[in-house]
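Please open the model in the viewer and keep the selection panel at hand. The tour proceeds by selection, beginning with a cysteine.

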Amino acid sequence: MAVKRWALPCGAVSLLTMASLAVHARELTEKVSVLPDGAVWALGMAALWLLYRAWLRLDRPFGPKRLWVLAALFAGVMTLGQSFSAYGTAEWVTARRGEALLFAAGRIPLYAAAMRLLVHALGRLPARTDARRLTGWQLGGLLWLCWLPWYVCLFPGTVSVDSISMLMITYGLEPLTNANPFCQTALLWLFRKAGELVGSPDAGIALYCIIQSVLMAWLMGELVSEMRQTRAPEALCRGSFAFYALCPIFPVFAFCVGKDTNFAMAVLFLALETWRVSHGRPVRPARYVCLSVAAVGCVLLRNPGVYLAALTLALLLIFTSVRRSGGRWRVPLCGLLCAGLSFALLHAVVLPGLNVAPMPKTEEYSLPLQQVARVAAGEALTPGQREAVNGVLELDRLHTEYNGELSDPVKNLWREGCTPEQQAAFWKAWPQIVKDNPMTCLSATFHNTYGYLYPGYVSTIKPTLIVGDHSGRTANVWGYFDYSVNPLSAKVKAFTDRLNLNSLYRLLVSPGLYGWITLFAAVWLAGRRGWRELLSAVPALFTLAGCLLSAVNGYFRYAMPLYASAPLLLWLVAQSVRRA
């Protein structure tokens, strides 16, 4: 009877969603499919019918309301993202409103049903209570073995664009600067010296990648081990391990010399230690050390990392103080003091003492500069605004240099010799520019950020997976640091490029899905007042906010903490559901 009762609504909603999935702002030029189109659509229809049938048979299929609000938000982002990815503007939404409305309407029930079923599953899936607990090192060792084939193709390791710049600094080819974190530059210098001691730059890179990948595998193994210890759903534990083992993001960045992998590990470590402190793990010296190391890592490995660490630890300190948890507040206080001391020593002693140039201020100006550039490109500035903008930016070049998905070209037009008065005039004019052109400024911001909330979107502005000589800048250190680029890396790059034509693969590797998971976890935990779990989600939320303010749209390496934190966030949701 239940099947007959829900057959008609399941079929109707499935048809609506199928129609929505068939809508594209532009026809796909290339695609990969192992089945004929008709078979794909038939399977898709069957899958949707089963999904909606399972959803409608739940006790409260249409609640809670916050999931529908979130589903509507996701559908709106996807609709606008479809237009911007095809045209760079909202042209498709405004010119073809019927198609855009169908695109959004069919996705709202899909997203709401998927989130509702996920919550239900996280609360109902069984946990194995008799399973032997594997340690973080054991699980990490298995993860590293799963990644090993990638390292065979990438040995001695990939050197990122930023790391090339930092290597040039260590050789005196570029001035000493904190544009890339100074501590990461010092770390590269250390491993460069290690390679020189054995007479091979490849040895230094290999040592860096092996140590980094081992630590990364251990940390992810430690998370999965902690999940199993708390009797998390066995399917979630196994799925998390499989995700870390098989998703190409992790081995590619584990064997990459770059600042993003280290920072992602620091963020995940901070979130895990925050959970351990807030959930009453024994207060031993290890808790003080681990939380402090994670916080200091965030501070030293990314310039804005101090804000992430300070916010997380301050909230944890307030939580443990209010709950009167037997002196547990001392642990976040120690972490705060260590993070503050490391930041003060770096900026008050080390950087001035070594005459290190500070990070350029324009690194923080992506949002306002992109807004001003888009308005200027549309010739919408008043004479007074033009004068204020021209005082700090090369106004006549904004139209040609503006790129909606990358703020670097506009930031490069910042006049180095502009006076404080000119800068003050610009910052006074900017709010008025936004007020006069709200939709244009909103369009500029969305264009530069939507990839972090658009599952399946792969940016073409910068390389996605950093493999081989991806930047062509290797030659900049030839004669100084002659490391090898594995010839097999070209085949790896071709292989991943081919996989990019498959929509399911793009869904797995692009940042948008993990931005969704972050928002879903935050909304669910806040709605259930799961403050204890929400504390551990703060680092991922801060990272997502940083991505939305970053210079590049949908950049994989900026979102590395989101990839790493996805299993942890689902675990937090499972904990809140099972506790209730």
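Select Cys547 and Cys298: the sulfur of Cys547 is 14 Å from that of Cys298, its closest cysteine sulfur, and this is too far for a bond. Cys547 is buried, with a relative accessible area of 3% (buried means under 20% relative accessible area, exposed over 50% and partly exposed in between, with a 1.4 Å probe and protein chains only). The model is a predicted one, in which local features need pLDDT of at least 70 and side-chain atom pairs count only at pLDDT 80 or more, while totals for chains, interfaces and linings use all residues. Residues are numbered from 1 along each chain as its sequence is written, and side-chain values use heavy atoms, without hydrogens and water.

Next, select Cys153. The closest cysteine sulfur to its own belongs to Cys209, 14 Å away and too far for a bond. Cys153 has 22% relative accessibility and counts as partly exposed. Across the whole structure, zero disulfides are found (a disulfide being a pair of cysteine sulfur atoms within 2.5 Å).

Return to Cys298 and display helices H13 (residues 285–301) and H14 (residues 305–322), whose axes come within 6 Å and cross at roughly 150°. Helices (H or I, at least four residues) and strands (E, at least two) are DSSP runs, numbered from the N terminus. Axes are lines fitted to C-alpha atoms, for helices over the stretch in contact, and angles run from 0 to 180 degrees between N-to-C directions. H13 and H14 are therefore roughly antiparallel (the class for angles over 145 degrees, with under 35 roughly parallel, 65 to 115 roughly perpendicular and the rest oblique). Leu291, Ala295, Cys298 and Val299 of H13 meet Gly305, Val306, Leu308, Ala309, Leu313 and Leu316 of H14, where contact means heavy atoms within 4.5 Å.

Move on to H3 (residues 65–87) and H24 (residues 512–527). These helices pack at about 160° with their axes 10 Å apart, and are therefore roughly antiparallel. On the H3 side, the contact is made by Arg66, Leu67, Leu70, Phe74 and Met78; on the H24 side, by Trp516, Leu519, Phe520, Val523, Trp524 and Gly527.

Which peptide bond should be examined in the loop between H2 (37–56) and H3, where Pro64 lies? The bond joining Gly63 and Pro64 is cis, with omega about -5°. A second cis bond runs from Phe155 to Pro156, with omega near 5°; Pro156 is found in the loop between H6 and strand E1 (158–159). Most peptide bonds are trans, and most residues other than glycine have a negative phi.

With phi in mind, select Arg529, in the loop between H24 and H25 (531–548). Arg529 has a positive phi of about 55° although it is not a glycine, and is exposed at 65% relative accessible area. Then select Asn355, in the loop between H15 (330–353) and H16 (366–377). Phi of Asn355 is also positive, near 55°, and this residue is exposed, with a relative accessible area of 67%.

For the last stop, select Ser240 in H10 (residues 234–246). Is Ser240 buried or exposed? Ser240 is buried, with a relative accessible area of 3%. Beyond its neighbours within four places in sequence, Ser240 is in contact with Val224, Met227 and Pro567. Finally, measure from Phe241 to Leu142: their C-alpha atoms are separated by 9.4 Å, although the two residues are 99 apart along the chain. Leu142 lies in H6 (residues 136–154) and counts as partly exposed, at 42% relative accessibility.
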